[in-house]
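Colleague: I want to go through the labels on this chain one at a time. Please justify each of them with numbers.

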Amino acid sequence: MYRWILLGALCLVYLFGIGPAFYGFGVALTPTAEALGLSRAQASLGYSLLALTLGLAGPLVAWLIGRIGSRWTIFVGGLVAAGGATLVATTSAYPLYLIGAGVLLGLGVAMQTILPGTTMVTNWFARRRSLAMGIFLTAGGLGGFIAAPTISSLIAATGTYRTAWWAIAVSGVIAGVIGLVFARDKPEDMGLAPDGVAQGTAAGVAQGAATARVYQTPREWGVGAALRTPTFWMIVAASSVFGLGLQIVNSQLVAHLSALGVTAGVAAGALGTMALLSAVSRLIGGPIGDRVEPRMLLAVGLIGQLAGALLLVSASDTVLVYTAVVVFGVGYGVAFVAVPSLIANYFGREAYPRLYGIRLPIATVVGAIGPVAAGLVFDAVGSYTMVFIGYAVLAGVAAVIAFLARPVSAPEPVPVADPV
């Protein structure tokens, strides 16, 4: 029973941790820039640093989870995030804005959200792992849905951008306290067992793997052994491509549609619809991932992004625009929820945080290239057509890679010689 209580708590941590910081930042960006006398480019650099830090901090967060555990990592992350937001709320210096909004807030959010959350879901759930993962990841989208209008209302009511940053600081602390009270790294820490796994023995792990409807490794992998498999790097490659697509569409969709004659209102509504459908599809994709191999879901999600990108090439009317973003958004959501389950199922609970921590900065860097590359292509040819066609080709290749990323048997443990 506690695993479901824990899952609910983790959803709240993710909601409070990611929603105000990541989505509320976007709402607060313009009034913050105006109050501090910053250009949009200067203010946006803080947001870019937040996104980069959030991804690049993966190996550090994985190390912290191994050293101090997830609950303390989440709690300390809340203090770090709150410190960053407080710095922005109390200073007018641009370098301190970048440090607070970009580096400290990004590090704090990384310590609170995706890596510790998916690690605990992996540890506590076996047969229903993908369902639990889908529920957890949906909470992030819900956090953005709630945070953006709430922070906008706070700024309007108080007349100052500082209120937004105080709200972000308070949210980080709330998420940290929830994590400290409820988070437990493994069910064994409470004398319990993962869902579907008999407690305490290697045979129990094998039993859980055997009763699952999708492949789950019967033995725990070492990180080094996993890194030496082509399968892990195929997962990293395929999952980096779906993130690349999201960054391209998020950053260029409105400009592309405007160039095709679509009104600003329709373009903005389409972007919001894509985000909402992405969140909903995570919830739907979760239980499917307990019955269909997650590598297949990853491939299907990439194909959805491929189709959506091709539809966007000539999306000049409202029906086609919304069809494109629905297909693309659902594809992204399904692919997103498949990746944590895929790594956990193939390589086990023990290696998961470090392996996901390795994947995260790679995917972040690849995603960060997308908006810049798209802008360069547009500047060169005056159109986004080649951008979306080029991404569709990449998504097709990545879908094939995902389909071919079959599980491999864990190496036999090396026997330890008896002392003479």
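What follows is a set of questions on those labels, with the reasoning behind each answer.

Modeller: A caveat to begin with: this is a predicted model, where local features need pLDDT of at least 70, side-chain atom pairs count only at pLDDT 80 or more, and totals for chains, interfaces and linings use all residues. Residues are numbered from 1 along each chain as its sequence is written, and side-chain values use heavy atoms, with hydrogens and water left out.

Colleague: How many helices and strands are in the protein chain?

Modeller: There are 16 helices and zero strands. Both are DSSP runs, numbered from the N terminus: helices are H or I with at least four residues, strands are E with at least two.

Colleague: What makes the radius of gyration agree with a compact globule?

Modeller: The rule for a globule is 2.2 Å times the number of residues to the power 0.38, and the radius is taken over C-alpha atoms. For 420 residues that gives a value near 22 Å; the chain has 21 Å, so the two agree. The C-alpha box along the principal axes is roughly 75 × 45 × 40 Å.

Colleague: What share of the residues is buried?

Modeller: Buried residues are 51% of the 420. Buried means under 20% relative accessible area, exposed means over 50%, and partly exposed is in between, with a 1.4 Å probe and protein chains only.

Colleague: What supplies the exposed area of the chain?

Modeller: Carbon and sulfur atoms supply 71% of about 16,700 Å². The area comes from the Shrake-Rupley method with a 1.4 Å probe.

Colleague: Which residues have the most contacts inside the largest nonpolar core?

Modeller: They are Trp165, Leu298 and Leu302, in a core of 120 residues. Helix 14 (residues 318–347) gives the largest share, 16 residues. To count as a nonpolar core, buried Ala, Val, Leu, Ile, Met, Phe, Trp, Tyr and Cys residues must be joined through side-chain atoms within 4.5 Å. Beyond its neighbours within four places in sequence, Leu298 is in contact with residues including Phe242, Ala335, Val339 and Ala402. Contact here means heavy atoms within 4.5 Å.

Colleague: What share of the contacts joins residues 24 or more positions apart?

Modeller: That share is 82% of the contacts with a separation of 6 or more.

Colleague: Why is the pair Lys186 and Glu350 called a salt bridge?

Modeller: The definition asks for a side-chain nitrogen of Lys or Arg within 4 Å of a carboxyl oxygen of Asp or Glu. The closest N and O atoms of Lys186 and Glu350 are 2.7 Å apart, and the pair forms a salt bridge. Lys186 lies in the loop between helix 8 (162–182) and helix 9 (202–211), and Glu350 in the loop between helix 14 and helix 15, so the bridge ties together parts 164 residues apart in sequence. Lys186 has 25% relative accessibility, so it counts as partly exposed. Glu350 is partly exposed too, at 42%.

Colleague: How many salt bridges does the search of the whole structure find?

Modeller: It finds two. Arg349 and Glu188 also meet in a salt bridge, at 2.9 Å from N to O. This pair links the loop between helix 14 and helix 15 with the loop between helix 8 and helix 9, across 161 residues.

Colleague: Why is Arg349 called buried?

Modeller: Its relative accessible area is 13%, so Arg349 falls under the cut-off of 20%. Glu188 has 31%, so that residue is partly exposed.

Colleague: Where is the kink in helix 1 centred?

Modeller: The kink in helix 1 (residues 2–36) is centred on Phe25 and is about 50°. The bend at a residue is the angle between axes fitted to the seven residues ending there and the seven starting there. Gly37 follows helix 1, with a positive phi near 70°.

Colleague: Why is Ile358 called partly exposed?

Modeller: Ile358 has 24% relative accessibility, so it lies between the two cut-offs. Ile358 sits in helix 15 (residues 352–381). Outside its neighbours within four places in sequence, Ile358 is in contact with Val223, Leu227, Phe232 and Trp233.

Colleague: How exposed is Trp4?

Modeller: Trp4 is partly exposed, with a relative accessible area of 28%. Trp4 belongs to helix 1. Its contacts, leaving aside neighbours within four places in sequence, are Phe125, Arg128 and Leu131.
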